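This briefing is intended for a reader who is meeting the structure for the first time. Please look over the sequence and the model before turning to the points that follow.

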Amino acid sequence: MIYTLTTNPAIDMVVTCDGLHPNRVTRTRDASYSPNGKGLNVSFVLDHYGTPSTIMGFFGGFTGRWIAEEAAKTCPVVSVEADGITRVNTFVNAGDCEYVMPNAGAPVSREHQLEMLDMIRKTEDMDTLVVSGSLSPEMDASYYDELADVCAERGIDLILDVSHAHLKELVERKPLLIKPNDEEIEQIFGVDAGSPEQVVAALHTIHDRGARNILCTLGGAGAYFIDDRHVYHATAAKVKVLSTACAGDSTLAAFLSIWHQDRDAVEPALRRAMATGANVAMSAGIGDLALVDELEKQIQVEVVE
């Protein structure tokens, strides 16, 4: 069973307006609210494709309760308390511009951090743990190491979708899969990713450091995937972007919905992943994914090496 862990969940509020002007009231419309957090999104999209998973996370206050209750309508939820009110992130679509305003989140005490580790240690049906998103306040990067230790003890495959600088050291723990984007590759690993050749070279460098598989998303330039045998490139579908919220998480989940069960099915996994991410970018939140099959026709996958 796949479990997803969101250490800093949120409610995503997406609103639309005609433009933003200082010192003036801006009327918004089409407000939508969704339980969010990178791990939650992974579970929601896995469920859409018929792959069961369980959501784990730290939830606090009335917002945290709402997220857990809404998420439980789709997937089982294992909740640990956060010490405060779970955050609300704001996305404003103003004409041709998108403004993204994430909040810091609710703190999680050391006691509750240890409670989560103990839950993972005792969860018998967990074979894969997807750790996604930022850390909550008061959580040190060493918590990622503790999660990796528990997974190693239990023989659980670890998947990391985190943008923390500590990812540079975490790849030495040989995670099953990591999902950086091109900016994270440059900022975290200190390697250039400005051209296709540089991206491929960077992926080889990170793979050699320990990451067993890497899915690297590049926005409109598509995505690369590297395993022990090949490097693949997938193109991106051309769509009108409404909001980038949830797109990367959905891309990862769609990839896992095929690849997790069949490690040889890289090409269909990449096609579904890129089509799903594009469809989500057309929506406020994840949306209904109704256009994935049509968008897949735009995606071209080739073996680069």
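**Strand β2 and its surroundings**

In strand β3, S34 is the bridge partner of D12. On the β6 side, D12 stands opposite N89. The model is a predicted one, and the points below begin with strand β2 before turning to the nonpolar cores and the largest pocket.

**The sheet**

- Strand β2 covers residues 10-17, and 7 of its 8 residues are buried, so the strand is largely enclosed by the rest of the structure.
- Strands β2 and β3 (residues 29-36) run antiparallel and are joined by 6 bridges.
- Strand β6 (residues 87-94) pairs with β2 in the parallel sense, over 8 bridges.
- A further bridge partnership involving β6 is that of V15 with V92.
- An open sheet is formed by 4 strands in the order β3-β2-β6-β7, with mixed pairing.
- The edges of this sheet are taken by β3 and β7 (97-101); each has a single partner strand, so one side of each is left without a neighbour in the sheet.
- On average, and with direction ignored, neighbouring strands of the sheet are turned by 15° against each other.
- In a regular strand, side chains alternate between the two faces of the sheet.

**A helix across the sheet**

- Helix α2, made up of residues 61-71, lies across β2, β3 and β6.
- The helix α2 runs at about 80° to β3.

**Nonpolar cores**

- Nonpolar side chains tend to be buried together in soluble globular proteins.
- The largest nonpolar core has 52 residues, of which L177, F225, F255, L256, W259 and L270 touch the most other members.
- A second, separate core holds 47 residues, including A82, L167, A211 and C216.
- Leaving aside residues up to four places away in sequence, F225 touches L177, N213, I214, L215, H230, V231, Y232, F255, W259, V266 and L270.

**The largest pocket**

- The largest pocket contains about 1,300 Å³ of space.
- This pocket is lined by 47 residues, and those closest to its centre are K38, T244, C246, A247 and G248.
- At least two lining residues are supplied by each of β2, α1 (38-48), β6, α6 (182-189), α8 (247-259) and α9 (266-281).
- Strands β2 and β6 therefore have two roles in this description: they pair with each other in the sheet, and each supplies at least two residues of the lining of the largest pocket, while β2 is largely enclosed because 7 of its 8 residues are buried.

Key:
Residues are numbered from 1 along each chain as its sequence is written. This is a predicted model: local features need pLDDT of at least 70, side-chain atom pairs count only at pLDDT 80 or more; totals for chains, interfaces and linings use all residues. Side-chain values use heavy atoms; hydrogens and water are left out. Buried means under 20% relative accessible area, exposed over 50%, partly exposed in between (1.4 Å probe, protein chains only). Two strands pair if DSSP finds at least two bridges between them. A nonpolar core is a set of buried Ala, Val, Leu, Ile, Met, Phe, Trp, Tyr and Cys residues joined through side-chain atoms within 4.5 Å. Contact means heavy atoms within 4.5 Å. Axes are lines fitted to C-alpha atoms, for helices over the stretch in contact, and angles run from 0 to 180 degrees between N-to-C directions. On a 1 Å grid over the protein atoms alone, a cavity is a set of points where a 1.4 Å probe fits but cannot get out, and a pocket is an open set with protein on both sides within 12 Å along at least five of seven lines; lining residues have an atom within 4 Å of a point. Grid points are joined across faces, edges and corners, and a volume is the space filled by probe spheres set on the points.
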